[in-house]
Amino acid sequence: MVTQPPSSAVRPLVIGGARIVDPSRRLDAVGSIVVVGGRIAAAGPAALHQGAPDGAEIVDGTGLVAIPGLVDMRVFVGEPGHEHRETLASASHAAAVGGITTIVVMPDTDPVIDDPALVDFVLRRARDTAIVNVHAMAALTKGLAGRETTEFGLLQEAGAVAFTDGRRAVTSARVMRRALTYGRDFGALVAHHPEEPELAGTGSMNEGETASRLGLSGIPREAEIIMLERDLRLVQLTGGRYHAAQVSCAESVAALRSARQRGLDVTAGIAATHLTLNELDVGAYRTFFKLSPPLRTEDDRRAMVEAVAEGLIDVIVSSHDPQDVETKRHPFAEAADGAIGLETLLAAGLRLVHAGDLTLSRLVEATSTAPARRLHLNAGTLAVGAPADLALVDIGTPWIVREQDIVSRAKNTPYEGARFQGRVVRTVVAGRTVHTYPRD
Amino acid sequence: MPAIPAFPHRHLLGIEGLARSEIETLLDLSESAVALSRQVEKKRAVLRGRTQINLFFEASTRTQSSFELAGKRLGADVMNMSVGSSSVKKGETLVDTAQTLNAMRPDILVVRHHAAGAVALLARQVGCSVVNAGDGAHEHPTQALLDALTIRRNKGTIADLTVAICGDILHSRVARSNILLLAALGAEVRVVAPSTLLPSGIDRMGVKVFRTMREGLDGADIVMMLRLQRERMDGSYVPSVREYFHYFGLDEEKLGYAKPDALVMHPGPMNRGVEITPAVADGPRSLIGEQVEMGVAVRMAVLEALAGNLPNG
C-alpha cells in the first residue's frame, strides 16, 4: 500500500485552539494537535501541556474544527487507460481540496486491476505523483467478467485492500459464493455493487412516475434489494466479509438490519449524492444526475440519512466518477453514469449536519474512521502515534460550487451552483500541508 | 406594452409547458391550414426565404413527409436528412451533429430521435427553432395536436369527451403527449393495456387505468389504438400476437363496448390483425385517413406559430 511516509524531516506542526472531533476516541473538545515527525504526538485539551516542539509551525485553529482526514473508499480514477478524465495525481489534488487524505481507487480501469503487477503499478504511480494516501481495491473476478475469482492472496500481498468489480455486479450466485468462501481464508473483504442487471435492464433512472413522465425506462428498487438480499444469504452461508458498496433504497436498510442482528460481517456504504439529492433533481434530462444506483425518491433519501445516523449504513463515500463531454453530453439514456465528488464529499455531508440530521461526530466517523477500520488502514484517527492525516474545517463558511473552481480534471458535478456551508481550510497528510484555503 | 403573442415559444418540444389557450391557438390556426390545403393554390409565404431541416435519426415516412409538405406549403426551403446510419456510425454525437447543422444557419429544425430528451438536448445547442417530431418514449406533440384537431372537427369539442388510449402505453410517446393534451382540454383520458405495457406510476398522470377492453371502452367517445412493435410481441411483453389480439385487438365486438357513435383513431403505421382488424381500421367509424390530412395542417400551424418567433426575424 502507498501511504505518504511520516518522516522526521517534516517540520513539526501545532494546531491550537481548534474544536477537535475524533470519533475514534469519542473526542469532541476544544484543544490542540501536536504533530512531530509526521505523526500525531498529542491531540486533545491537554496536548500543549508539554509546550510546542522547537521550530514548530503554529496554526491558529480558533473557530475551526480539526478532524481526522477523510478516507474515501470508492473513487474511480482514469489511470491507467483514461487519463484525460482523471489521473491519480489530479484525483489526489481534488481529494486534498475536499479534506480527503486517503483515497481507495477502483479496479475497473483499462487494463483492469486484476493482477498483482497492476496493483503494484497503481501504487507506484500513486507514490510518485499523488499528494494524498492512495490504496487500491483489486478486481473480484478476472477482467470483471464475473466468472473466475482473482488471486486474492497474491493481490493482498501486493497491497489490495479489498476486492470489487466496481460498477458491475457478479450475477452468478455460484461465483459470489465461491469468492466469499475463498476470501474468508484470507480475511478478504468483498465489496459489491448490489444491482440485479436483468431487472435494471435498460433503465436509466429510478423507476416510477418521474421516469414515466420523462419517457425513460426505470430501474426498480427491487434490482438493488434482490441482489443485496441474495448477497446477505450467501454471507450467512459462507461466513465471508462483505461490504455493499452503495445502497440507495429504504428496503435495503431493513435487509442490513436483519443481517446485523444475525451477526454477519456486513457493512454498507452510500454516496453523499444519495444523501443530498433525489430523483426529481434529474429535471430536464440532466445527465450529471445520472448515477448508479440511480437517485431515488425523497422518502428513500430520508430513510438513508436516518440509517447513516443510526449506523446501519456505516460509510459515506464520494463515488467520485469522472466523466467528460464525450460520455455525458448525450441523450439521458445514452449518457454514462457517475458524478465527481471528492471536492464536495465533506461539504455535502455537512449539509446534513447543519440540517440537524447527523451529528458532526457521526459524519466524521462515516467518512473517515469507519472506512479506515473496515479496510484495516492506519487512518481515520488522531490517536497518538497515528500518521498526521487531518483536515481543518471552517464549518460555517458559505460557498457556492462553481465549475471554474473544480480541481478535478472532469467537471461532471451535480452540485454546480449549489450552496454549501463548510470549507476545508487546511489538509495535512503525514504532517505535510497539502492544501490550504485560501491558497498560501 | 406590446401584446403578449398568442404563441410565445421559440421551440415546440412537447405538450408539457403549453397553456390551454396556446393549444387552442394552434388548433384554430390548423383549421385555416386545412382549408388552404384543400385549395388548388396551396402556397403561402409565411416562411419564404426560411430554411427548414428535417433531421430524422429514426426512419419515418409519414411524419417526415407531413413536415416536408407543411414547410413547403408555407414557402420554406425544406431539406430532409436521415442521420440514422451515417454520422452516428462514425462516432459523431448528437451534439456534434447539431452544431454542424447549426453552422449552416437553418431557421427551423424538425427532429426525431430514438432517445427521450434528445430533442431538448439538441435545442440547447442551436440558434434556430426546434420542433420535436418524436423523442423516444417521451413526447410527440404534433401527433397529439393532430389527434385533437381530428376529434374536435368530428365531435365539435374535446371537453367532457371520454377518450380511451389502448395498447402499448409503456413505449408510446403518442400516448404521453395525448394524455397531457387531452387532459389540458378537459377530456377524461383512459388508458387500456395489459400491465406489462403500462408505465410505472401511470395512475398518477391524470388518467384512469383499465386492464380490459370491456371496462376501458365502456362509454368511450373515442377509441385510440396504439401500434405494438413487433419485437415486443414475442413473449417479452405479451406472450404472442394471437393472445394480444384476443384481449386487446380492436374488432367490431370490442368496439361495441364504446358509445354507439364512438370513433376510432390510430397514429399509424398500423399492424392490421394485431391491434386492429382491417374491418374496423377501414370502416365507417375510422378517422385514420383524416388524421393523416390533419397532420399536414397541424404541422403548418406549428410552423406558422413559430415563424413569429424565429431568430433573425
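Select A:W399 in this predicted model. A:W399 has 13% relative accessibility. That is under the 20% limit, so A:W399 counts as buried.

Now add A:F420. Its relative accessibility is 3%, so A:F420 is buried as well.

Show both rings. Across the structure, over all chains, there are six aromatic pairs. A:W399 and A:F420 make one such pair, with 5.7 Å from centre to centre. Their planes stand at 45°, and the pair is tilted. Colour by secondary structure to see what this pair links. A:W399 sits in strand β17 of chain A, residues 390-400. A:F420 sits in strand β18 of chain A, residues 419-429. The two residues are 21 residues apart, and the pair links distant parts of the chain.

Keep A:F420 and add A:Y415. These two rings form an aromatic pair too, this one edge-to-face. The centres are 5.1 Å apart and the planes are at 65°. Is A:Y415 buried or exposed? A:Y415 is buried, at a relative accessible area of 2%.

Next stop: a ring cluster. Select A:F152, A:F163, A:Y182 and A:F186. Ring pairs link these four residues into a cluster.

Now hide chain A and turn to chain B. Start with the cartoon. How many helices and strands does chain B have? The count is twelve helices and nine strands. Next, check the overall dimensions. The radius of gyration of chain B is 19 Å, and the globule rule gives 20 Å for 313 residues. These values are close, so chain B is as compact as a globular protein of that length. Align the view to the principal axes: the C-alpha atoms of chain B fill a box of roughly 55 × 45 × 40 Å.

Colour chain B by burial. Of its 313 residues, 57% count as buried. Then draw the contacts. Take those in chain B with a separation of 6 or more: 74% of them come from residues 24 or more positions apart.

Switch to a surface. Chain B exposes about 12,700 Å². Carbon and sulfur atoms supply 51% of that area.

Finish with the charges. Chain B carries 35 positive and 34 negative charges. Where do their mean positions lie relative to each other? The two mean positions are 4 Å apart.

Technical notes
Residues numbered from 1 in each chain as written. Chains lettered and ligands numbered in written order. Predicted model: local features only at pLDDT ≥ 70, side-chain atom pairs only at ≥ 80, totals over all residues. Heavy atoms only, no water. Helix = DSSP H or I, 4+ residues; strand = E, 2+ residues; numbered from the N terminus. Rg over C-alpha atoms; globule rule 2.2 N^0.38 Å. Buried < 20%, exposed > 50% of the residue type's maximum accessible area, 1.4 Å probe, protein only. Contact = heavy atoms within 4.5 Å. Areas by Shrake-Rupley, 256 points an atom, 1.4 Å probe, with all protein chains shown as cover. Lys, Arg positive; Asp, Glu negative; His and termini not counted. Charge placed at Lys NZ, Arg CZ, Asp CG, Glu CD. Phe/Tyr/Trp six-rings, centres within 6.5 Å; stacked < 30°, edge-to-face > 60°.
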